[in-house]
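Let's take a walk through this one, starting with how the copies fit together and ending with some ring chemistry.

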Protein chains: 2
Amino acid sequence: MPIVSDNELSRRRREIIAAARGCFARYGYEGATVTRLEEATGKTRGAIFHHFKDKEELFLAIAAEDAARQAEVVAEHGLIEVMRRLVRNPGSNDWYITRAEIVRKLRTDPCFETRWRVHQVVLDEAIHERLAHNAAMRDDVPIDVLQEYLTTVMEGLILKLASGEPPQRLEATLDLVEQSVRAPGVGK
Amino acid sequence: MPIVSDNELSRRRREIIAAARGCFARYGYEGATVTRLEEATGKTRGAIFHHFKDKEELFLAIAAEDAARQAEVVAEHGLIEVMRRLVRNPGSNDWYITRAEIVRKLRTDPCFETRWRVHQVVLDEAIHERLAHNAAMRDDVPIDVLQEYLTTVMEGLILKLASGEPPQRLEATLDLVEQSVRAPGVGK
């Protein structure tokens, strides 16, 4: 059996994640069957599940990758910038449709819910950090409320984009959101 | 064949709608099979589809009833009051999980999308009217933007509630939303 380097393993893992993302986006969580995941990745189920225990773990790995990437943007530019990028890059919204589709699973499958939240912690913490240390933020509203508010707007944005609403209309909404969380007198 | 009065027909229709709502909430749009709709309503498929052409029409009738009821609240108290009632009455959120579940259908089934939007017009118009005639609203942002903003928040709220998030945390968010759309110096 050939020895495979860590680098090569990691490369294969990333390849599977990228192809599986498109498959989940296209068919939904339930609709992305193992056969379709094989077709999308060009790999056998044996090869796929060598890297990920099961479909749930593969799905959560994609969600984790997203959360980590968004956390980086948040740390540098804030959550509203994450939303602006969502609006400006509608191609990425194909994947976000799965956010709506897993709502029932989040409610009814506590094990899935726990695993999902674990991956979201990195994003939640990045949002909290950013709000706590951004001098441009208003300080008359508790950080937890600002955070709840911004994440509610982001969920709404995702639901609208995933429903096929034209993204152009959402840019001005984000200007209003930005204004509503800023300290008075602080420019953009 | 006995003659059935219009009143009686309308009563039976409302009965089916009420029972079917619970069935859709519990099993989702796809999961609410005809057999389950029969069980939930205590009526045969013949009786159900005497009133509604098919499952889609039944589902849209429930959505239309909701939109009409929300439009009434909007006309009197505004959309934020609709959101406050959602947050305070988590029982109703069982149904709203279907909002997330039909996202893919809205994107991929233009006929369904058209029929869905028709029923939402009454709500959209009520929101627009209210924003246009409420003197407490800020006037430095176009009404369309305020409307897009408020409906985005509402979609986010629905997604969060449907995912099982505790509603208590969302009340303070709504205070912030309310403040952000009001004219400066106008009290609550």
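## How the copies meet

Through which surface do the copies meet? They use the same one: 100% of chain A's interface residues are also interface residues in chain B. Keep in mind that this is a predicted model.

The symmetry tells a matching story. Chain A lands on chain B after a rotation of 180° with 0.0 Å of shift along the axis, at an RMSD of 0.0 Å. The two copies are therefore related as by a two-fold rotation axis. If you want to find that axis from chain A, look for Gly156(A): its C-alpha is the nearest one in that chain, 1.7 Å away from the axis.

## What the interface is made of

How many residues of chain A are in contact with chain B? The count is 43, and they touch 43 residues of chain B. Together the two sides bury about 3500 Å², with carbon and sulfur atoms giving 57% of that area. On the chain A side, Arg104(A), Arg107(A) and Glu148(A) lose the most area to chain B, and together they make up 20% of what that side buries.

Charges pair up across the interface too, with 6 salt bridges found between chain A and chain B. Arg104(A) turns up again here: it forms a salt bridge with Glu101(B), and their closest N and O atoms are 2.6 Å apart.

## Rings inside the chain

Searching the whole structure gives 14 aromatic pairs over all chains. Take Phe24(A) and Trp95(A): their ring centres are 6.3 Å apart and their planes sit at 75°, so this pair is edge-to-face. The two residues come from distant parts of chain A, 71 residues apart, with Phe24(A) in helix 1 (residues 6-31) and Trp95(A) in helix 6 (residues 93-101).

Are these two rings' residues buried or exposed? Phe24(A) counts as buried, at 0% relative accessibility, and Trp95(A) is buried as well, with a relative accessible area of 6%. Nor does the pair stand alone: ring pairs join Phe24(A), Tyr29(A), Phe59(A), Trp95(A) and Phe112(A) into a cluster.

## Charges over rings

One member of that cluster, Phe112(A), also has a charge for company. The charged end of Lys105(A) sits over its ring, 5.0 Å from the centre. Over in chain B, Lys55(B) places its charged end over the ring of Tyr29(B), at 4.8 Å from the ring centre.

Definitions and conventions: Residues are numbered from 1 along each chain as its sequence is written. Chains are lettered from A and ligands numbered from 1 in the order in which they are written. This is a predicted model: local features need pLDDT of at least 70, side-chain atom pairs count only at pLDDT 80 or more; totals for chains, interfaces and linings use all residues. Side-chain values use heavy atoms; hydrogens and water are left out. Copies are superposed by least squares on the C-alpha atoms of residues with pLDDT of at least 70 in both. Contact means heavy atoms within 4.5 Å. Rings of Phe, Tyr and Trp (its six-membered ring) pair if their centres lie within 6.5 Å; planes under 30 degrees apart count as stacked, over 60 as edge-to-face and the rest as tilted. Helices (H or I, at least four residues) and strands (E, at least two) are DSSP runs, numbered from the N terminus. Buried means under 20% relative accessible area, exposed over 50%, partly exposed in between (1.4 Å probe, protein chains only). A charge sits over a ring if NZ of Lys or CZ of Arg is within 6 Å of the ring centre and within 35 degrees of the ring normal. Buried area is the accessible area (1.4 Å probe) that two parts lose on being put together, summed over both. A salt bridge is a side-chain nitrogen of Lys or Arg within 4 Å of a carboxyl oxygen of Asp or Glu.
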